Amino acid sequence: MRWLIRKIERRARGQVQYEDFAFDGDELTIGRGADRVIAVNDARIALEHLVVRRVGKRIRVESQIAAGFRIGTDTVRQATLGMRELFEVGGQRFRMIEAPAGFDAALEWSPIDRQELEARSVAER
C-alpha cells in the first residue's frame, strides 16, 4: 500500500507550508521515536503511540498505550474513521484525505495552534 503523508505548518503572517512524503507499507506508525513513520517531536506523545491502517475506504487508528488519543472531546483507544474525520494526539491533528493518483491512502497532519491548546487547557480547569 502506498500512503501520502502531508504535513501542514502554519507560519507567521498566515503563510502555510506543505510538505508531502510517501510511505510504502500496510500501516503507519506515529510516535516520538525516530523509527516511527511519522516521528513527532512532542513530549505529550509516546515513543510508539499510534498505529493507523486502512480498512476499505476508512482508516483504523489504534493506540499502543493507555493514554489513547482524542476524537473531539473524547479520549479513546481505538476508532475507525472516514474521510476528513479528525483525530488528535498530543499537540498534533490528523485526518484522512482523498488519495491523489498513484497513492492508495492519504493522511494530513498538522500541529494544533498554540492558542487553541491554551484555550482548551483553560476550559478543562
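This is a short talk on the nonpolar core of a predicted model and the aromatic rings in it.

First, the conventions. Residues count from 1 along each chain as its sequence is written, and side-chain values use heavy atoms, without hydrogens or water. Because the model is predicted, local features need pLDDT of at least 70 and side-chain atom pairs pLDDT 80 or more, while totals for chains, interfaces and linings use all residues.

The largest nonpolar core has 22 residues. By nonpolar core I mean buried Ala, Val, Leu, Ile, Met, Phe, Trp, Tyr and Cys residues joined through side-chain atoms within 4.5 Å. Buried is under 20% relative accessible area, exposed over 50%, partly exposed in between, with a 1.4 Å probe and protein chains only. I30, I38, V52, I59, V61, F87 and F94 touch the most other members. Among the elements giving two or more residues are strand 1 (2–10) and strand 11 (92–97); strand 12 gives the most, with three. Strands are DSSP runs of E, at least two residues, numbered from the N terminus.

Now the rings. The whole structure has three aromatic pairs. Rings of Phe, Tyr and Trp (its six-membered ring) pair if their centres lie within 6.5 Å; planes under 30 degrees apart are stacked, over 60 edge-to-face, the rest tilted. F87 and F94 are stacked, because their centres are 5.2 Å apart and their planes at 15°. Both are buried. F94 also stacks with W109, at 6.1 Å and 15°. F94 is in strand 11 and W109 in strand 12, so this pair ties together parts 15 residues apart in sequence. Ring pairs link F69, F87, F94 and W109 into a cluster.

Key:
Helices (H or I, at least four residues) and strands (E, at least two) are DSSP runs, numbered from the N terminus.
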